[in-house]
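Colleague: I have a chain open here and want to talk it through. Can you put it up?
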Amino acid sequence: MGIKAVIHEIHRRFMWQVAAIHLTGAWIGYQVAGAVTTALELPSWAPTLALILLLLGLPVTLTTACLQEGLRDMARSADLQPEGSNTARRLFTWRNAILGGVLAFILWVITASGWLMFADQLIDSVQRPGVE
């Protein structure tokens, strides 16, 4: 497959637009994480963790978009499909992608909350081992 064919597939599957939307949303999420970190006095590494998670989400987003388009192509080419064959197609939806983002944000909030609640105890136990 030549480079022109790859570029054609990227344009055909709207991968540039998907990447731009993800990066815009990631930038907004990073700004929110920075503001929340300052407001809640979270550790200084919290925005960095948020940025890493947002950047790790980019390949997942692009792969999901690519698979979604591939599943649409398969559905167009096969007019007669067996009865339970659209389960994979229902897995890669915008609703599920948004739900995954919300769940990732909730996981980040739980981690940050746990840090706020238990960090002092953990630091004290590490600094003074054996002292009760």
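Colleague: Take contacts between residues at least 6 apart in sequence: what share joins residues at least 24 apart?

Modeller: 68% of them. Keep in mind that this is a predicted model.

Colleague: And how many helices and strands does the chain have?

Modeller: Five helices and zero strands. Read from the N terminus, the order is α-α-α-α-α.

Colleague: How much of the chain is buried?

Modeller: Buried residues account for 16% of the 132 in the chain. The exposed surface of the chain comes to about 10000 Å², and 71% of that is supplied by carbon and sulfur atoms.

Colleague: Which residues form the largest nonpolar core?

Modeller: There are six: Ala33, Leu42, Ala46, Ala50, Trp108 and Ala112. H3 and H5 each contribute at least two residues to this core.

Colleague: Stay with Leu42. What is Leu42 in contact with, leaving aside neighbours within four places in sequence?

Modeller: Val36, Thr37, Trp108, Ala112 and Leu116. Trp108 and Ala112 are also members of the largest nonpolar core, as is Leu42.

Colleague: New topic, empty space. How many cavities of 30 Å³ or more turn up in the whole structure?

Modeller: One. The volume of the largest cavity is about 40 Å³.

Colleague: Which residues line the largest cavity?

Modeller: The lining is made of Pro43, Trp45, Ala46, Leu49, Trp108, Thr111, Ala112 and Trp115. Ala46, Trp108 and Ala112 are in that lining, and they belong to the largest nonpolar core too.

Colleague: Which helices supply at least two residues each of that lining?

Modeller: Helix H3, residues 46-77, and helix H5, residues 94-127. H5 gives the largest share, with four residues.

Colleague: How does the lining divide into nonpolar, polar and charged residues?

Modeller: Seven are nonpolar, one is polar and none is charged.

Colleague: Back to H5, then. I was looking at Trp94, which is in that helix. Is Trp94 buried or exposed?

Modeller: Exposed: the relative accessible area of Trp94 is 58%, and the cut-off for exposed is over 50%.

Colleague: How far is Trp94 from Ala65, in sequence and in space?

Modeller: Trp94 and Ala65 lie 29 residues apart in sequence, and their C-alpha atoms are 9.5 Å apart in space.

Terms used
Residues are numbered from 1 along each chain as its sequence is written. This is a predicted model: local features need pLDDT of at least 70, side-chain atom pairs count only at pLDDT 80 or more; totals for chains, interfaces and linings use all residues. Side-chain values use heavy atoms; hydrogens and water are left out. On a 1 Å grid over the protein atoms alone, a cavity is a set of points where a 1.4 Å probe fits but cannot get out, and a pocket is an open set with protein on both sides within 12 Å along at least five of seven lines; lining residues have an atom within 4 Å of a point. Grid points are joined across faces, edges and corners, and a volume is the space filled by probe spheres set on the points. Ala, Val, Leu, Ile, Met, Phe, Trp, Tyr, Cys and Pro count as nonpolar, Asp, Glu, Lys and Arg as charged, and the others, Gly among them, as polar. A nonpolar core is a set of buried Ala, Val, Leu, Ile, Met, Phe, Trp, Tyr and Cys residues joined through side-chain atoms within 4.5 Å. Buried means under 20% relative accessible area, exposed over 50%, partly exposed in between (1.4 Å probe, protein chains only). Contact means heavy atoms within 4.5 Å. Accessible areas come from the Shrake-Rupley method with a 1.4 Å probe; for residues, only the protein chains shown count as cover.
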